Amino acid sequence: NYFHWWPAEKGEPPYRFSIFDEKGYGWEFNKATNSYYLHYFGDFQPDLNWENPQLRQDIYKMMRFWCDKGVDGFRMDALAFISKDTTWPPLPKEYDGKWVMYYASGPHLHDYIQEMNREVLSKYNLATVAEAVGDIPRVKKFVDEDRKELNMAYHFEAIDYGYIPGEYKMPDPKGYDFVQWKQLYTKWDSAFLDKGWGTMYLGNHDQPRMLTRWGNDSPAYRDYSSKLLTTFILSMRATPYYYFGDEIGMSNIKFDRVEQYNDVELLTNYEQVKAKGGDLKRFLEGMKISSRDNGRTPMQWDTTVNAGFGTGHPWLPVNANYTSINVFTEEKDPNSCLNYFRAMQKLRKENEVLVYGKYTLLDKDNPAVFAYTREWKGKKWLVLLNFKDKSATVKTGLDLTKAKVKMQNYTTASG
């Protein structure tokens, strides 16, 4: 009773889509019980039955165990999917295949999170962040202080932008509309002006390397691009999340063969493309940019075996560029991506304008430059980020004759 079951004698259970199942079917038959169990993700990941009060109490007991050990908080994966309508109605037609949105609309989702807050979170000094699926009104429910739920929530609109709709995270070969992408970040900044607090990230374990996805990983631009993305993350009005390895400029490994991947998402999608007679070569080329396994190769510590990750057999191979891109090498280089990251992090910590300052987008239709100001207690800072591999101009409307350069990814600032 800690899982969701459907007895086989009742026939086929009502259809539910599974995100990581090559059949796209969310119920798996279990011979020992002559029943089906529910799994929104892989069949090795049965969904817990949060409708069972005892299950919830055991979850809270587990959380208190770790809080008493001294953990500083929780990142709650797929939290939006915990509540289920256990009358199992047919999937509503209005969602039209957008089953993730339906799964994030469980009838007691926020009741359970508020209960978790009362039972655990409010009793400890913790930071909490959850994956929150949906638009701004949905996400704000998680972080509105008056609702007593969580501190922060990840949103996905900007990070998922630039893929061909319905094509398994296939990147658009024409690239993404940079002007629209800027608007997404501007929109989400405004969402938390009055209540709640935002998050800022460009990579995590569910994403490819940010340098390859959003920057330029070619040798000529790798360092400059990595530093630009670091500046972006650490100068926005939100709590920044930085994925290990991005601070040294790690890039996608870009596998050629499906056998080289371990990611259940990619392997599931590969089988679905294959079953539909799709273009497998095109699919694998796209995964060189977007596959999650690109972000899961071992951390590149030094130039020794396995990049210093260990002497055993790693989950995935080490990226071949580890001999030049690694912590040991960058520690000694004052101009490295790592030391730029440290300097930018220090700048943010020492200047509240980069944390709390008002954000204002400038030159919004500029096709190359992301320009914005941060203002706080009489101070105004200007951030200029050229996302293209050629010189660009920008119209700020500001008098910069007395401006002072605080950080730059080139040796000298110009313009």
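1. Let me start with Gly357, which touches Arg237, Glu352, Arg374, Glu375 and Trp376, leaving aside residues up to four places away in sequence. Contact here means heavy atoms within 4.5 Å. The residue is found in the loop between helix H12 (353-356) and S9. Helices (H or I, at least four residues) and strands (E, at least two) are DSSP runs, numbered from the N terminus. Gly357 counts as buried because its relative accessibility is 0%; the cut-offs are under 20% relative accessible area for buried, over 50% for exposed, and partly exposed in between (1.4 Å probe, protein chains only). One of its contacts, Arg374, is 17 residues apart from it along the chain, yet the two C-alpha atoms are separated by 4.9 Å.

2. A word on what you're looking at: this is a predicted model, with local features needing pLDDT of at least 70 and side-chain atom pairs counting only at pLDDT 80 or more, while totals for chains, interfaces and linings use all residues. Residues are numbered from 1 along each chain as its sequence is written, and side-chain values use heavy atoms, with hydrogens and water left out.

3. Now the sheet that follows Gly357. It is open, with three strands in the order S9-S10-S11 and antiparallel pairing; two strands pair if DSSP finds at least two bridges between them. Strand S9 (358-362) and strand S11 (379-386) stand at the edges with a single partner strand each, so one side of each has no neighbour in the sheet. The twist averages 20° from one strand to the next. Five bridges join S9 to strand S10 (residues 369-376), and within that pairing Thr360 has Thr373 in S10 as its bridge partner. Helix H7 (residues 222-233) packs on this sheet, touching S10 and S11, and its direction makes about 145° with that of S11. For those angles, axes are lines fitted to C-alpha atoms, for helices over the stretch in contact, and the values run from 0 to 180 degrees between N-to-C directions.

4. Then there's the sheet at the other end of the numbering. This open sheet of three strands is antiparallel too, with the order S1-S3-S2. Strand S1 (5-7) and strand S2 (27-30) are the edge strands, each pairing on one side only. Neighbouring strands are turned by 30° against each other on average, direction ignored. Four bridges join S2 to strand S3 (residues 35-38). Across that pairing, Phe29 stands opposite Tyr36, and the bridge partner of Glu28 is Tyr37. In regular strands generally, side chains alternate between the two faces of the sheet. The S2-S3 hairpin has four residues between the strands, and there Asn34 takes a positive phi near 50°.

5. Have a look at the surface around Phe3 as well. Phe3, Trp5 and Leu48 form a nonpolar patch with about 240 Å² of accessible area together. Phe3 itself lies in the segment before S1 and is partly exposed, at 33% relative accessible area.

6. Which residues of helix H3 (residues 109-119) are buried? They are Leu109, His110, Tyr112, Ile113, Glu115, Met116 and Asn117. Their cover includes helix H1 (53-69), strand S4 (73-76) and helix H4 (136-143).

7. How many salt bridges does a search of the whole structure find? The count is 29, a salt bridge being a side-chain nitrogen of Lys or Arg within 4 Å of a carboxyl oxygen of Asp or Glu. Take Asp246 and Arg209, whose side chains meet at 2.9 Å, N to O. Asp246 lies in the loop between strand S8 (239-240) and helix H8 (264-275), and Arg209 in the loop between strand S7 (199-200) and helix H6 (210-214), so this pair ties together parts that are 37 residues apart in sequence. Asp246 is buried at 3% relative accessible area, and Arg209 is buried at 0%.

8. Arg292 and Asp263 meet in another salt bridge, at 2.6 Å, N to O. Arg292 lies in the loop between helix H9 (280-290) and helix H10 (327-331), and Asp263 in the loop between S8 and H8, so parts that are 29 residues apart in sequence are tied together. Arg292 is buried at 8%, and Asp263 is buried at 2%.

9. Finally, a salt bridge within a helix: Lys346 and Glu350 have their closest N and O atoms 2.7 Å apart. Both lie in helix H11 (residues 337-350), four residues apart, about one turn of the helix. Glu350 is exposed, with a relative accessible area of 51%. Elsewhere, salt bridges that share partners join Lys169, Asp206, Asp263, Glu265, Arg292 and Arg296 into one network.

Key:
Patches are made of residues with over 30% relative accessible area and no salt bridge: like charges are joined within 9 Å, nonpolar side chains (Val, Leu, Ile, Met, Phe, Trp, Tyr) within 5 Å. Accessible areas come from the Shrake-Rupley method with a 1.4 Å probe; for residues, only the protein chains shown count as cover.
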